[in-house]
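I opened this notebook to record what I looked up in one protein model. The entries follow the order of my reading.

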Amino acid sequence: EGDVELNVSSGSPSFTGPIHPERRYRLKTLSGNVSMDIPDNVGFTAVLSVYSGQLQTDFQFPNASPRSKQRIIGKYGDGAGRIELDSFSGSVSLRKIAASGGTDCQR
């Protein structure tokens with residue numbers, strides 16, 4: 001129904017399911033891994049950041065800012081949605097899953 005924001009100081013926030021093309025999804029932790037598993041049928045702009053961990057993504061961002069080991073900023077498809085994943089001490093992963101028939105988030 002709306003934007004998703006999850007901030008934790010110690011733990012591993014994750015999101016799995018379809019995303020809405022005009023919503024924001026922000027998952028952040030100080031100590032832990034951040035993961036998001038979504039279908040590739042909706043466009044989004046992604047900001048993926050780590051400080052002492054690894055970045056992993058199944059998505060290709062042809063117009064991305066120069067890739068570094070700590071930050072990726074890129075647009076997938078039309079770029080309508082917004083995804084921000086951040087971990088200070090841990091890894092960040094953005095993975096593709098098979099698209100389901102619906103467009104609503106799974107609860």
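**Entry 1: a pair of strands**

I began with the pairing of strand S5, residues 44-50, with strand S8. The two strands run in the parallel sense and are joined over 7 bridges. I then looked up a single position in this pairing and found that valine 47 has glutamate 84 as its bridge partner in S8. I note here that the model is a predicted one.

**Entry 2: the whole chain**

I next turned to the overall make-up of the protein. I recorded 9 strands and 0 helices. Read from the N terminus, the order of elements is β-β-β-β-β-β-β-β-β. Of the 107 residues in the protein, 39% are buried. The accessible surface comes to about 6,100 Å², and carbon and sulfur atoms hold 45% of that area. I also looked up the contacts with a separation of 6 or more, and 58% of them are between residues 24 or more positions apart.

**Entry 3: the other side of S8**

I returned to S8, which covers residues 81-89, and looked up its pairing with S3. Strands S3 and S8 run parallel and are joined by 7 bridges. Within this pairing, lysine 28 has aspartate 86 in S8 as its bridge partner.

**Entry 4: a charged residue under cover**

Which side chain of opposite charge is nearest to aspartate 86? I found lysine 28, at 4.9 Å. A salt bridge requires a nitrogen and a carboxyl oxygen within 4 Å, and aspartate 86 has no salt bridge although it is buried. I then listed the residues in contact with aspartate 86, leaving aside neighbours within four places in sequence. Among them are Leu27, Lys28, Thr29, Ser49 and Tyr51.

**Entry 5: the salt bridges**

Side chains of opposite charge can pair when their charged atoms come close. I counted 6 salt bridges in the model. I examined three of them, as follows.

- Arginine 26 pairs with glutamate 5, and the closest N and O atoms are 3.0 Å apart. Arginine 26 belongs to strand S3 and glutamate 5 to strand S1 (residues 4-10), 21 residues apart, so that distant parts of the chain are linked.
- Arginine 26 also meets glutamate 84 in a salt bridge, at 3.4 Å from N to O. Because glutamate 84 lies in S8 and arginine 26 in S3, this pair ties together parts that are 58 residues apart in sequence.
- Arginine 82 forms a salt bridge with glutamate 84, with 3.4 Å between the closest N and O atoms.

I noted that Glu5, Arg24, Arg26, Arg82 and Glu84 are linked in a network of salt bridges.

**Entry 6: cover of the network residues**

Is glutamate 84 buried or exposed? Its relative accessible area is 17%, so glutamate 84 counts as buried. Glutamate 5 counts as exposed because its relative accessibility is 53%. Arginine 26, at 27%, counts as partly exposed, and arginine 82, at 29%, is partly exposed as well.

**Entry 7: a nonpolar patch**

Finally, I looked up the nonpolar side chains on the surface. Which residues form a nonpolar patch there? I found Leu30, Tyr51 and Phe88, which together have about 320 Å² of accessible area. Leucine 30 lies in strand S3, residues 24-31. With a relative accessibility of 48%, leucine 30 counts as partly exposed. Tyr51 had already appeared in my notes, as one of the residues in contact with aspartate 86.

Technical notes: Residues are numbered from 1 along each chain as its sequence is written. This is a predicted model: local features need pLDDT of at least 70, side-chain atom pairs count only at pLDDT 80 or more; totals for chains, interfaces and linings use all residues. Side-chain values use heavy atoms; hydrogens and water are left out. Patches are made of residues with over 30% relative accessible area and no salt bridge: like charges are joined within 9 Å, nonpolar side chains (Val, Leu, Ile, Met, Phe, Trp, Tyr) within 5 Å. Accessible areas come from the Shrake-Rupley method with a 1.4 Å probe; for residues, only the protein chains shown count as cover. Helices (H or I, at least four residues) and strands (E, at least two) are DSSP runs, numbered from the N terminus. Buried means under 20% relative accessible area, exposed over 50%, partly exposed in between (1.4 Å probe, protein chains only). Lys and Arg count as positive and Asp and Glu as negative; His and the chain ends are not counted. Contact means heavy atoms within 4.5 Å. Two strands pair if DSSP finds at least two bridges between them.
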